[in-house]
Every structure is written in structure tokens, then in C-alpha cells.
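Reader: I'm a first-year student, and I'd love a close look at one part of this protein. Could you pick a place where helices and strands come together and walk me through it slowly?

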Amino acid sequence: SKREQKRMEKAGTPTPHNIDEARQTQQRLLPFERPEGLGIEIRAAWCPAQDVGGDYFDVIRLGETLLAICIADVSGKGLPAALVMSNLQASVRAYARADRSPAEMCAQLNRVACANTDNGRFITLFYGLFDTVRHSLTYASAGHVPPIVLRSNGLQENLTTGGMVLGLFPDSVYEQASVSLDPGDHLILLTDGITEAPNTNGEQFSENGRMSELLTRNRKLTSAELRDTLLGAVNSFAGQALQDDATLMVVSRLR
């Protein structure tokens with residue numbers, strides 16, 4: 001009722017209207033433009049466990065031939081994680097530059113996170129610069145679930161180079177590495193809401209080679225088809241609504 005909503009607003013309690021506004025605001029923070037004409041396709045899915053969440057992904061065009069690609073996961077879920085996520089998004093947008101390396105970017109974002117987060121809350125993040133001429137990705141990972149390079153021949157490579165999660169130690173140092181995408185290759189970026197999604201027996205989706213086998217079997221699909229196939233498999237495996245925020249991004253080099 002309107003009376004109940006006014007009472008909740010007066011008490012500072014989030015109302016259904018406020019929650020809906022927050023969800024719409026958070027969705028607007030996520031990228032809606034997909035870079036076209038660069039020899040790659042990018043498709044993503046963002047699935048918060050609650051109305052809002054702490055997962056974040058971004059694609060930022062930094063020049064004619066350079067893209068920043070980012071995915072992150074704030075510990076926890078719901079409104080507190082969403083607030084940290086929006087702060088992280090603003091920081092990434094503020095500091096992303098063509099001449100700032102992924103290792104430097106992680107160090108900068110870590111300093112910001114240490115200054116702005118408390119209560120032991122931390123962030124895992126993967127940040128890369130993709131050169132659309134050389135089709136190479138230079139990246140650094142701050143404790144994030146390793147993205148997977150899925151080759152057209154079925155081989156897979158996990159991207160693990162980097163350092164500590166963001167928000168714990170202000171002087172953390174990060175390393176970076178590079179990898180190339182050949183025609184028909186995919187880069188799969190995800191959060192642990194995908195990899196750690198449990199079934200009714202408590203087994204996680206990525207255990208026992210399940211996800212690896214699924215990706216190899218479906219490597220010929222388009223980016224959108226691969227995204228949808230992976231999400232469908234996770235939901236089918238879990239047999240229930242996902243308990244954690246789940247985000248997936250597929251970057252595919254066109255043949």
C-alpha cells in the first residue's frame with residue numbers, strides 16, 4: 001500500500017520501487033554498445049542473484065583499434081555489493097587509458113578499493129587491453145576466475161597472470177601477460193557464480209572437467225550461441241535459481 005511504502009521510505013528501508021530503480025540504474029551502468037567492424041564479436045549476460053548485485057563487466061573503446069575489456073566480482077551480493085560495484089565502474093571509466101597498462105590499472109584500482117572499501121570486502125577483477133589489429137590481449141588478473149581462451153581446435157588456455165584481489169593491501173603489485181586470438185578462437189570471461197554454481201548434491205559446475213568439455217564440444221558456435229549454451233547448461237545443472245551473481249562475456253574473433 002502507499003501508506004506502507006511511505007512508512008518504509010521514512011524509516012530508510014528500501015521499498016520495491018527503490019529496489020526497482022536501483023536495478024534499472026545498475027543496468028544502465030553496464031555497456032550497451034557492442035563494438036562492431038573490428039573483426040570480433042562480444043556478447044554478455046549479467047544475472048544478479050538478487051535485484052541488484054556485485055558483478056560488473058565493461059567494454060570501453062580507447063581508440064580506433066584498442067578496447068579495454070573488464071570483468072569483476074565484488075564479494076557479497078545485494079545492495080552493499082552493488083554500491084561497491086558502481087564505485088568500481090566509475091573508477092575503471094576514470095582511469096582506463098590507452099597508455100595505462102593492465103598491471104598499472106590493477107594497481108591503481110587496488111589503491112582506490114583500499115581507500116573506499118571496509119569490513120574486509122574485496123573485489124576480484126580481470127582487465128585487458130585488446131588490440132584489434134594484432135588481435136592480441138594484454139591482461140592482468142586481480143585474483144579473478146581465470147578467463148579461458150578456447151581455440152578453434154578445442155585446446156584451452158587459462159589466463160592467470162596478475163596478483164592479489166583488490167581492496168586488501170594497498171601496495172599490491174601486479175604482473176601482466178599477452179595472448180593472441182586467431183580466427184575462430186573465443187575468449188570466455190566469467191564470474192564464480194558460473195564456475196561455482198552448485199547442483200543439489202553440492203557439486204560445482206566447473207568440477208570434473210564438465211565446463212571444459214562443454215566448451216570444447218561447442219567451440220564452433222557463435223559468441224551469442226556459446227553464451228546461451230553455457231548459461232543453459234549452468235541452469236540445467238543447478239536445477240534451481242542461481243544462488244550467486246553470475247556474469248558471462250564471450251569475445252570471439254571472427255573467421
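Author: Happy to! Let's begin with the whole chain: among its contacts with a separation of 6 or more, residues 24 or more positions apart account for 70%, where contact means heavy atoms within 4.5 Å. Please keep in mind that this is a predicted model, in which local features need pLDDT of at least 70 and side-chain atom pairs count only at pLDDT 80 or more, while totals for chains, interfaces and linings use all residues. Residues are numbered from 1 along each chain as its sequence is written, and side-chain values use heavy atoms, with hydrogens and water left out.

The chain has seven helices and eleven strands; these are DSSP runs numbered from the N terminus, with helices (H or I) of at least four residues and strands (E) of at least two. Of its 255 residues, 49% count as buried. Buried means under 20% relative accessible area, exposed over 50%, and partly exposed in between, using a 1.4 Å probe and protein chains only.

Our close look starts with Leu230, which has its place in helix H7. Leu230 counts as buried, at 1% relative accessibility. Which residues does Leu230 contact, leaving aside its neighbours within four places in sequence? They are Ile188, Leu190, Phe205, Met211, Leu214, Leu215 and Leu248. Between Leu230 and Asn218 there are 9.2 Å from C-alpha to C-alpha, although the two are twelve residues apart in sequence.

Now the helices. Two packed helices are described by the angle between their axes and the distance between the axes. Axes are lines fitted to C-alpha atoms, for helices over the stretch in contact, and angles run from 0 to 180 degrees between N-to-C directions. Helix H6 (residues 210-217) packs against helix H7 (residues 223-238) at an angle of about 145°, and their axes are 11 Å apart. The crossing of H6 past H7 is right-handed: the near helix is turned clockwise from the far one by less than a right angle, whereas an anticlockwise turn would be left-handed.

Who meets whom here? From H6 come Arg210, Met211, Leu214 and Leu215, and they meet Leu226, Thr229, Leu230, Ala233 and Phe237 in H7. The residues of this contact divide into seven nonpolar, one polar and one charged. For these classes, Ala, Val, Leu, Ile, Met, Phe, Trp, Tyr, Cys and Pro count as nonpolar, Asp, Glu, Lys and Arg as charged, and the others, Gly among them, as polar.

Arg210 deserves another glance. Its side chain meets that of Glu203 in a salt bridge, 2.8 Å from N to O. A salt bridge is a side-chain nitrogen of Lys or Arg within 4 Å of a carboxyl oxygen of Asp or Glu, and the structure holds eight of them. Arg210 is partly exposed, with a relative accessible area of 25%, and Glu203 is also partly exposed, at 21%.

Next, the strands. Strands of a sheet pair through backbone hydrogen bonds, either parallel or antiparallel. Two strands count as paired if DSSP finds at least two bridges between them. Five strands make an open sheet in the order E1-E11-E10-E6-E7, with antiparallel pairing. At its edges are strand E1 (40-47) and strand E7 (156-158), each pairing on one side only. From one strand to the next, the twist averages 15°.

Inside that sheet, strand E10 (residues 186-190) runs antiparallel to strand E11 (residues 246-253), and five bridges join them. Leu190 stands opposite Leu248 in E11, and you have already met both leucines as contacts of Leu230.

How does H6 sit on the sheet? H6 lies across strand E6 (148-150), E7 and E10, running at about 35° to E6. To put the picture together, try finding Leu230 first, in H7, then follow its contacts to Met211, Leu214 and Leu215, which belong to H6. From there, look across to Leu190 and Leu248, also among the contacts of Leu230.
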